[in-house]
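Here's a quick tour of the fold, one aromatic pair and one histidine. Have the viewer open as you read.

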Amino acid sequence: MSHRVSILSSHLSPVSAVMASEKEAALAATPSDSPTIFDKIISKEIPSTVVYEDDKVLAFRDITPQGPVHILLIPKVRDGLTGLSKAEERHIDILGRLLYTAKLVAKQEGLEEGFRIVINDGPQGCQSVYHIHVHLIGGRQMNWPPG
């Protein structure tokens, strides 16, 4: 098992350990052109529970849910978009598509009372996978500030 998969697998432990693992994974992660775990999910090398898929976006359940509903939405083509801070004008369409798809999936998941969208960016933003992704979290009352 690769170091990356081992770090992500550690997310199956209790919540406090998960939060520490997330931070550790984010601090250890480095942007690269190598395939990410998300590229491997897109190519079906790694299984996932897909809840939505079209030609541009894949949405699947997070393995360490932070709410009754926790879905990750990713673009099928990274195109240099490793994080939001790396977005360029050419990425406007996929960024809009990710957010619109989040709305569709939220409706599909019955989140009429509300939901939260999170995009982690960089080490201090706790980004552990350098392939832009949107967290859709719902099914419980969210708190503010988030953390």
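## The sheet

Keep in mind that this is a predicted model. Its 5 strands make an open sheet, ordered S1-S2-S3-S5-S4, with antiparallel pairing. At the edges sit strand S1 (50-53) and S4, each pairing on one side only. From one strand to the next, the twist averages 20°.

Let's look at one pairing in detail. Strand S3 (residues 69-75) runs antiparallel to S5, and the two are joined over 5 bridges. Leu73, for instance, has Val134 in S5 as its bridge partner.

## A helix across the strands

Helix H4 (residues 92-108) lies across S1, strand S2 (57-61), S3, S4 and S5. Relative to S3, helix H4 runs at about 150°.

## The aromatic pair

The count here is 1 aromatic pair. Phe38 and Phe60 have ring centres 5.9 Å apart and planes at 65°, which is over the 60 degrees needed, so the pair is edge-to-face. Distant parts of the chain are linked this way: Phe38 belongs to helix H3 (residues 37-42) and Phe60 to strand S2, 22 residues apart.

Are these two rings' residues buried or exposed? Phe38 is buried, at 6% relative accessible area, and Phe60 is buried too, at 3%.

## His131

His131 sits in the loop between strand S4 (115-118) and strand S5 (134-138). Its relative accessibility is 0%, so His131 counts as buried.

What does His131 touch, leaving aside neighbours within four places in sequence? The contacts are Thr36, Phe38, Asp39, Ile42, Ile74, Pro75, Arg78, Leu81 and Thr82. Phe38, one of these contacts, is also a member of the aromatic pair.

Notes. Residues are numbered from 1 along each chain as its sequence is written. This is a predicted model: local features need pLDDT of at least 70, side-chain atom pairs count only at pLDDT 80 or more; totals for chains, interfaces and linings use all residues. Side-chain values use heavy atoms; hydrogens and water are left out. Helices (H or I, at least four residues) and strands (E, at least two) are DSSP runs, numbered from the N terminus. Buried means under 20% relative accessible area, exposed over 50%, partly exposed in between (1.4 Å probe, protein chains only). Contact means heavy atoms within 4.5 Å. Two strands pair if DSSP finds at least two bridges between them. Axes are lines fitted to C-alpha atoms, for helices over the stretch in contact, and angles run from 0 to 180 degrees between N-to-C directions. Rings of Phe, Tyr and Trp (its six-membered ring) pair if their centres lie within 6.5 Å; planes under 30 degrees apart count as stacked, over 60 as edge-to-face and the rest as tilted.
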